[in-house]
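Student: Before we begin, could you show me the model and then take my questions one at a time?

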Amino acid sequence: MAQQAFAYKRFQFTAAISGLQGNRGVVTVDVVTSDSARIADLGTERFLHLERWVERDDPAFLQVVVDECKVAVDHYADNVDDN
C-alpha cells in the first residue's frame, strides 16, 4: 500500500492506494482544511473525499488521482477571493 500525506495551499492531503484482486487498486484521497469558509462537511472538516478504482495497484496511479485532486483545489481556489 502506497501512501502520501502533504500540505498543498491551505489544504492537507492524505492519499492511499490499496490493492484489490487482479492487481487492481482503489485510491482514496481526503482533503481537509482548518479554514471554515472552505469546509464542505463541517462535521469532518473535509473539503474533498474521493475514492477511485484504478487499473493497477501502482504508486503511479496514486499520483495521477492526487494530481486530479490538486487541479480541483486549484480551480476552487482560483474562483474564491483569497484576500
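Student: What share of the contacts in the protein with a separation of 6 or more comes from residues 24 or more positions apart?

Tutor: This is a predicted model, in which local features need pLDDT of at least 70 and side-chain atom pairs count only at pLDDT 80 or more, whereas totals for chains, interfaces and linings use all residues. Residues are numbered from 1 along each chain as its sequence is written, and side-chain values use heavy atoms, with hydrogens and water left out. A contact means heavy atoms within 4.5 Å. Among contacts in the protein with a separation of 6 or more, the part that residues 24 or more positions apart account for is 47%.

Student: In what sequence do the elements of the protein run from the N terminus on?

Tutor: Helices (H or I, at least four residues) and strands (E, at least two) are taken as DSSP runs and numbered from the N terminus. On that basis the protein has one helix and four strands, and their succession from the N terminus is β-β-β-β-α.

Student: In the open sheet that the four strands form, which are the edge strands?

Tutor: Two strands pair if DSSP finds at least two bridges between them. The open sheet has the order β1-β2-β3-β4 with antiparallel pairing. An edge strand here pairs on one side only, and this holds for β1 (2-8) and β4 (46-54).

Student: How many bridges join β1 to strand β2, and which residue in β2 stands opposite Ala-7?

Tutor: Strands of a sheet pair through backbone hydrogen bonds, either parallel or antiparallel. Strand β2 covers residues 11-19 and runs antiparallel to β1, with seven bridges joining the two. The residue of β2 that stands opposite Ala-7 is Gln-12.

Student: Which residues do ring pairs link into a cluster?

Tutor: Rings of Phe, Tyr and Trp (its six-membered ring) pair if their centres lie within 6.5 Å, and planes under 30 degrees apart count as stacked, over 60 as edge-to-face and the rest as tilted. The structure holds three aromatic pairs; one of them, Phe-6 with Phe-13, is stacked, at 4.9 Å centre to centre and 15° between the planes. Another, Tyr-8 with Phe-13, is edge-to-face, at 5.9 Å centre to centre and 90° between the planes. The cluster linked by ring pairs therefore consists of Phe-6, Tyr-8 and Phe-13.

Student: Are Tyr-8 and Phe-13 buried or exposed?

Tutor: Buried means under 20% relative accessible area, exposed over 50%, and partly exposed in between, with a 1.4 Å probe and protein chains only. Of the 83 residues of the protein, 29% count as buried. Phe-6 belongs to that class, and Tyr-8 and Phe-13 are likewise both buried.
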